[in-house]
Amino acid sequence: MRIFEAKAMPGQGWFQGYWRYVAAAGCVAMAFAIRVSLDPMFGHVSFVFSVFYLAVVLTAYFAGAGPAIFTSIASAAIAYWAFVSPPFAFKVDPEALTSMAFFMLTSAVDIYFITGMTRALHEYRIQKLRAEQLADDHAALFREYNERTTHHLQLVSALLQLRAGEGADAGWSDALTEASRRTMLIARAHRNMHAGSVSMIDLSVFAGQLLTADLSASGDPDLSIEISGDAIRVSPEQATSIAIILLEWFRFVLHRQTGDATRRIRLELKADSRGYCIALSSPSAVIGERQPADTLSRQIIQASADQLHGHARPVPAMEGLCFELVVPVLPETDPIIAAAIVPTTSTLH
């Protein structure tokens, strides 16, 4: 979840602490300097308070109500003392005092509305940021829900198709095939609900993150994962089926590791114009007892491989265990983007 942080709006924190009053004093000094420079044009006793309105407005906007009140009082006193005849002397002039009272009243109204406006804008911005954060969080949850739903529907479709091929009754087999087809259509509709999910996936990065996360969950820090081979990019639908197969193989191999200090699992990717091959092997794994031919894990692997129109099988190895998934490029499917590169090896812990 994104951490919410609201920055201060104008009039609500551009200046902090005593710097607000330093800024207010600077505005008063600026207004006084401007009024002195305009003295030859205005005459010494004309437009006494007009220039100081600018100081009050700027202070109210950038520093808040307190410094703005200070600015209005200081401006009124300085303007009355310096620009009411006789200048730079204490005096009692009813007309000038009346103008100063109107200046104070107008400044109070300006301060009230300006600080209220900036406060309202600040609160609006906070609410807007919170709404955007909530919308982003909901969108992330929806994307995760959508992906999980798609994966489960795709697995159900594969199992239905597998059972349809085993059925002796033609009507029952046709019904399961149709159910599998409709389930796959629903899965694709779920995936297409989010535009970002249709982009191609780098298989080496995807497999590395997948296996590393599963290894972390297993609590085996001494085992290393090596990924090497060609750059292969697959569609999200293919990535789902590949992930199911890889996880089944990975857990099978993981539970058969020896106490060898150099324990490792290798994942090799090969691609050419005919398709691609994924080989997962571990020289530090022990074959152990033969597994039953019709376990749920084997059925899941076979169903997922059928979705890819490929073949998943164990292959002979000089030591340890090795599994291989071969997926061809079919004319009726989207072409696989695969580019051969110089074989490199990366190790993930």
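This report describes helix packing, a strand hairpin, some backbone details and the confidence of a predicted model.

**Confidence**

Over the whole chain the pLDDT averages 77, and 74% of the residues reach a score of at least 70. Two stretches fall below this: over residues 1-12 the pLDDT stays under 50, although the model has 37 contacts beyond four places in sequence for them, and over residues 332-349 it likewise stays under 50, with 38 such contacts in the model. Where pLDDT is low, the predicted coordinates should not be read in detail.

**Helix packing**

The table lists three helix pairs with the geometry of their packing.

| Helix pair | Angle between axes | Distance between axes |
|---|---|---|
| H1 (residues 19-37) and H4 (residues 65-83) | about 30 degrees | 9 Å |
| H1 and H3 (residues 52-63) | about 160 degrees | 9 Å |
| H7 (residues 203-218) and H8 (residues 236-254) | about 40 degrees | 10 Å |

Helix H1 takes part in two of these pairs, packing with H4 and with H3. With an angle of about 30 degrees, H1 and H4 are therefore roughly parallel to each other, and their crossing is right-handed. On the H1 side the contact is made by Arg20, Tyr21, Ala24, Ala25, Val28, Phe32, Arg35 and Val36, and on the H4 side by Gly66, Pro67, Phe70, Thr71, Ala74, Ser75, Ile78, Ala82 and Phe83. By class, the residues of this contact of H1 with H4 comprise 12 nonpolar, 3 polar and 2 charged.

Against H3, the angle of H1 is about 160 degrees, so these two helices are roughly antiparallel to each other, and H1 passes H3 in a crossing that is again right-handed. Here Arg20, Ala24, Cys27, Val28, Met30, Ala31, Phe32 and Arg35 of H1 meet Phe52, Ala55, Leu58, Thr59 and Ala63 of H3. The contact of H1 with H3 divides into 10 nonpolar, 1 polar and 2 charged residues. Some H1 residues serve both contacts: Arg20, Ala24, Val28, Phe32 and Arg35 appear in the contact with H4 and also in that with H3.

Farther along the chain, H7 and H8 pack at an angle of about 40 degrees and are therefore oblique to each other, while the handedness of their crossing is right-handed. In H7 the residues Leu203, Phe206, Ala207, Leu210, Leu211, Asp214, Leu215 and Ser218 meet Ala239, Ile242, Ala243, Leu246, Leu247, Phe250, Arg251 and Leu254 in H8. The contact of H7 with H8 counts 13 nonpolar residues, together with 1 polar and 2 charged.

**Strand hairpin and backbone details**

Strand S6 (residues 311-314) and strand S7 (residues 321-328) run antiparallel and are joined by 4 bridges; within this pairing, His311 stands opposite Val326 of S7. The hairpin has 6 residues between its strands, and Gly320 takes a positive phi near 75 degrees there. A positive phi also occurs at His309, a residue other than glycine, where the value is near 60 degrees; His309 belongs to the loop between helix H9 (296-307) and S6.

A further backbone feature is found at Pro86, in the loop between H4 and helix H5 (94-166), where the peptide bond from Ser85 to Pro86 is cis, with omega near -5 degrees.

Conventions: Residues numbered from 1 in each chain as written. Predicted model: local features only at pLDDT ≥ 70, side-chain atom pairs only at ≥ 80, totals over all residues. Heavy atoms only, no water. Axes fitted to C-alpha atoms, helices over the stretch in contact; angles between N-to-C directions. Parallel < 35°, antiparallel > 145°, perpendicular 65-115°, else oblique. Left-handed = near helix turned anticlockwise from the far one by under 90°. Contact = heavy atoms within 4.5 Å. Nonpolar A, V, L, I, M, F, W, Y, C, P; charged D, E, K, R; others polar. pLDDT = per-residue confidence, 0-100. Pairing = 2+ DSSP bridges.
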